[in-house]
Amino acid sequence: MPGGRLTQQERQQIALGLADGLAYAEIARRLDRPTSTVTREVMRNGGPASYRSDLAHRATERRAHRSRQAAPRGPQASPQSDGRDSEAVRAYEETFAGIFMQSGLSRMTARVLAALYTTDAGSLTAAELVRRLQVSPATVSKAITFLEGQSLVRREPDEGRRERYVVDDDVWYQGMIASARAHTLLVETARQGVNVLGPGTPAATRLENIARFVDFVSEGITRAAEQAREVLHTKPAPHSPEGSG
């Protein structure tokens, strides 16, 4: 059934599809599954380069067992206090984390970032992340250190000696600017290579072209980030009820 859990045979088909270089959409079509299901399955189990169907199946069984042990009994287990479907929220967080993984983040770092973005407050403490993701404090600390170094999160003091990790409206802007600075370093290094390898040589020409290209893109990113910065602070217009005029 398209809405049920993946079977071991389906996971084997996913592994074969990845080995054949098929896109997620094509693998999903062959399984009669949503593309998001295949994407989430692969990303939460090592990514396309490391996915193994047997390990993925065992990991899913372990997660299901832990979920059954931890789930509160009664009809109140599924909805959250804010009215959201907890299962749908968890599935979305995994999908969102998968997108971050495709951008180069490790699975745990991507999960931390996705958790922060999907909270209304846009911030969590280390203890809250530990409970939410069911991981160790050391794992959270390592992920936060990396994200902070990439200007993707920032720290704020909380009650007592605790810290709160924040993804505010300006984090995307700061991240873009940090990326542009990294590009500037690449440009400078590439142009150093031109002198080392000798101007006019094929290798030097290649490096000079890379420097010119990256320099142009970096300037465009910085200019666009400055122009669009206010968008990050704009509140969306409220949705009108259907049928109202």
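This is a short tour of a predicted model, one selection at a time.

**Stop 1: the whole chain**

Start with everything shown as a cartoon. You should be able to pick out ten helices and three strands. Following the chain along its sequence, the order reads α-α-α-α-α-α-β-α-α-β-β-α-α. Of the 245 residues, 33% are buried. If you look at contacts between residues at least 6 apart in sequence, 52% of them join residues at least 24 apart.

**Stop 2: colour by confidence**

Now colour by pLDDT. The chain averages 82, and 86% of its residues score at least 70. Which element has the lowest mean pLDDT, and which the highest? Helix H4, residues 53–70, is the lowest with a mean of 71, while strand S1 is the highest with 92. Move on to residues 71–79 and the pLDDT falls below 50; apart from near neighbours in sequence, this stretch has six contacts in the model. Where pLDDT is low, the predicted coordinates should not be read in detail.

**Stop 3: strand S1**

Select residues 123–125, which make up strand S1. Click on Leu124 first: its relative accessibility is 9%, so it counts as buried. Show what surrounds it. Leaving out residues up to four places away in sequence, Leu124 touches Ala115, Leu116, Thr119, Leu129, Arg132, Arg164 and Tyr165. You can also draw a distance from Leu124 to Val112: they are twelve residues apart in sequence, and their C-alpha atoms are 9.7 Å apart.

Then go to Thr125, also in S1. Is Thr125 buried or exposed? It is buried, because its relative accessibility is 1%. Beyond four places in sequence, Thr125 is in contact with Asp158, Glu163, Arg164 and Tyr165. Arg164 and Tyr165 should look familiar, as Leu124 touches them too.

**Stop 4: helix H5**

Select residues 86–102. Helix H5 has 17 residues and runs 25 Å from its first C-alpha to its last, close to the 24 Å expected at 1.5 Å a residue. Show its side chains and look for the buried ones, among them Val89, Glu93, Glu94, Phe100 and Met101. What do the buried residues of H5 pack against? Their partners are H3, H6, H7 and H9. Before leaving, check Gly104 just after H5, where phi is positive at about 115°.

**Stop 5: two loops with an unusual backbone**

Most residues other than glycine have a negative phi, and most peptide bonds are trans. Here are two residues with a positive phi to look up.

- Asp32 is in the loop between helix H2 (24–31) and helix H3 (35–43). Its phi is about 60°, although it is not a glycine. Asp32 counts as exposed because its relative accessibility is 54%.
- Gln134 is in the loop between helix H7 (126–133) and H8. Phi of Gln134 is near 55°, again positive in a residue other than glycine. With a relative accessible area of 67%, Gln134 is exposed.

**Stop 6: helix H10**

Select residues 202–228, helix H10. Its 27 residues should span 39 Å at 1.5 Å a residue, and its end C-alpha atoms are 39 Å apart, so the two agree. Light up Ala204, Ala211, Val214, Ser218 and Ala225, which are buried. The buried residues of H10 pack against helix H9, residues 171–197.

Zoom in on Ser218 for a closer view. At 5% relative accessibility, Ser218 counts as buried. Setting aside neighbours within four places in sequence, Ser218 is in contact with Ala180, His183 and Thr184.

**Stop 7: the second largest pocket**

Finish with a surface view. Rolling a probe the size of a water molecule over the atoms shows where empty space is left. The second largest pocket has a volume of about 400 Å³. To find it, select Leu105, Gln150, Leu152, Gly175 and Ser179, which lie nearest its centre among 16 lining residues. Where does the largest share of the lining come from? H9 supplies it, with six residues. Helix H6 (107–117), helix H8 (137–149) and H9 each give at least two residues to the lining. Colour the lining by class and you get ten nonpolar, six polar and no charged residues.

Technical notes. Residues are numbered from 1 along each chain as its sequence is written. This is a predicted model: local features need pLDDT of at least 70, side-chain atom pairs count only at pLDDT 80 or more; totals for chains, interfaces and linings use all residues. Side-chain values use heavy atoms; hydrogens and water are left out. Helices (H or I, at least four residues) and strands (E, at least two) are DSSP runs, numbered from the N terminus. Buried means under 20% relative accessible area, exposed over 50%, partly exposed in between (1.4 Å probe, protein chains only). Contact means heavy atoms within 4.5 Å. The expected span of a helix is 1.5 Å times one less than its number of residues. On a 1 Å grid over the protein atoms alone, a cavity is a set of points where a 1.4 Å probe fits but cannot get out, and a pocket is an open set with protein on both sides within 12 Å along at least five of seven lines; lining residues have an atom within 4 Å of a point. Grid points are joined across faces, edges and corners, and a volume is the space filled by probe spheres set on the points. Ala, Val, Leu, Ile, Met, Phe, Trp, Tyr, Cys and Pro count as nonpolar, Asp, Glu, Lys and Arg as charged, and the others, Gly among them, as polar. pLDDT is the predictor's confidence in each residue, from 0 to 100.
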